[in-house]
Amino acid sequence: MSGGAGDAHGVGATARTLGREHRVVALVAARDEAGRIGPCVRALRALADEVVVVDDGSSDATAAEASEAGATVLRTGRRTGKGGALEGVLRRLGPADRWLLADGDLGATASNLTPLLQAVNAGEADLAIAVLPPARAGGFGIVKRFAAHLIRGQTGFRAREPLSGQRVLTSEAMEAVRPLAGGFGVETAMTIDAVRAGVRVVEIPIDGLEHRATYRTPRGFLHRGRQGWDIARAVLPRIVR
């Protein structure tokens, strides 16, 4: 979805398509996403009443770009990690009927998250999670399988996309999973907490979503190692013995 004068028309058209009767707030925890955060915010503005970007210690123009695209921008001041950034902003915001969580590196493809809102608004789910198309690049899937194994072991739920940050929750579901776990463990812990609380969790395949590629490089493996460590730390307190 493009910026400029067409935005107002796009927002209205999408809102009518969704039959929006609920206040939707989109939350994006972002760090060093300049170049992608602007298109992401513009896409999310067509789906939400407000887009809030929490800038988690970026060293680039992420905050300025998000603000120029129409987001409310809050800064952590120091790096707190994804889960900590989201929990911190939730403590500062007022209520919402629907919470739309999205990753800043989706760019303009965030416009394809409409099915998540439709599923929740139709009463088909309390927590709808996007199943992304196969990645063009990435690791060996070890962290993803690890997270899915932990979720299944603790809840019996078979997660296809345990690491997906693209989620829509009702206000009640959000309260059931707070406080959010820290770092990259936020999604795995959220799914465990949601299933245990009786929240209806549905995963929905969505075409057209695209993350920034992470390759099999030292930097890529370091990122995945950090993910795995955060997931272990988040799930350990939740293990039922």
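Start by selecting strand β4, residues 98–101, together with strand β6, residues 167–170: in this predicted model the two run antiparallel and are joined by four bridges. For one rung of that ladder, pick Leu100 and look across to β6, where Val168 is its bridge partner.

Next, keep β4 and β6 in view and bring in helix α8, residues 186–196. This helix packs on the sheet and touches β4, β5 (127–131), β6 and β7. Compare directions as you rotate: α8 makes about 35° with β6.

Now zoom out to the whole sheet. Seven strands make up an open, mixed sheet, and you can walk across it in the order β3-β2-β1-β4-β6-β5-β7. Stop at the two edges, β3 (72–75) and β7 (201–205): each has a single partner strand, so one side of each lacks a neighbour in the sheet. Tilt the view to follow the twist, which averages 20° from one strand to the next.

Then select helix α2, residues 37–45, which also packs on the sheet. Its contacts are with β1 (24–30), β2 (50–55) and β4, and its direction makes about 155° with that of β2.

Two backbone details round off the tour. Go to the loop between β1 and α2, where you will find Asp32. Check its phi: the value is positive, about 55°, although Asp32 is not a glycine. With a relative accessible area of 26%, Asp32 is partly exposed.

Finally, move to the loop between α7 (171–176) and α8 and select Pro179. The peptide bond joining Arg178 to Pro179 is cis, with omega about 0°.

Key:
Residues are numbered from 1 along each chain as its sequence is written. This is a predicted model: local features need pLDDT of at least 70, side-chain atom pairs count only at pLDDT 80 or more; totals for chains, interfaces and linings use all residues. Side-chain values use heavy atoms; hydrogens and water are left out. Two strands pair if DSSP finds at least two bridges between them. Axes are lines fitted to C-alpha atoms, for helices over the stretch in contact, and angles run from 0 to 180 degrees between N-to-C directions. Contact means heavy atoms within 4.5 Å. Buried means under 20% relative accessible area, exposed over 50%, partly exposed in between (1.4 Å probe, protein chains only).
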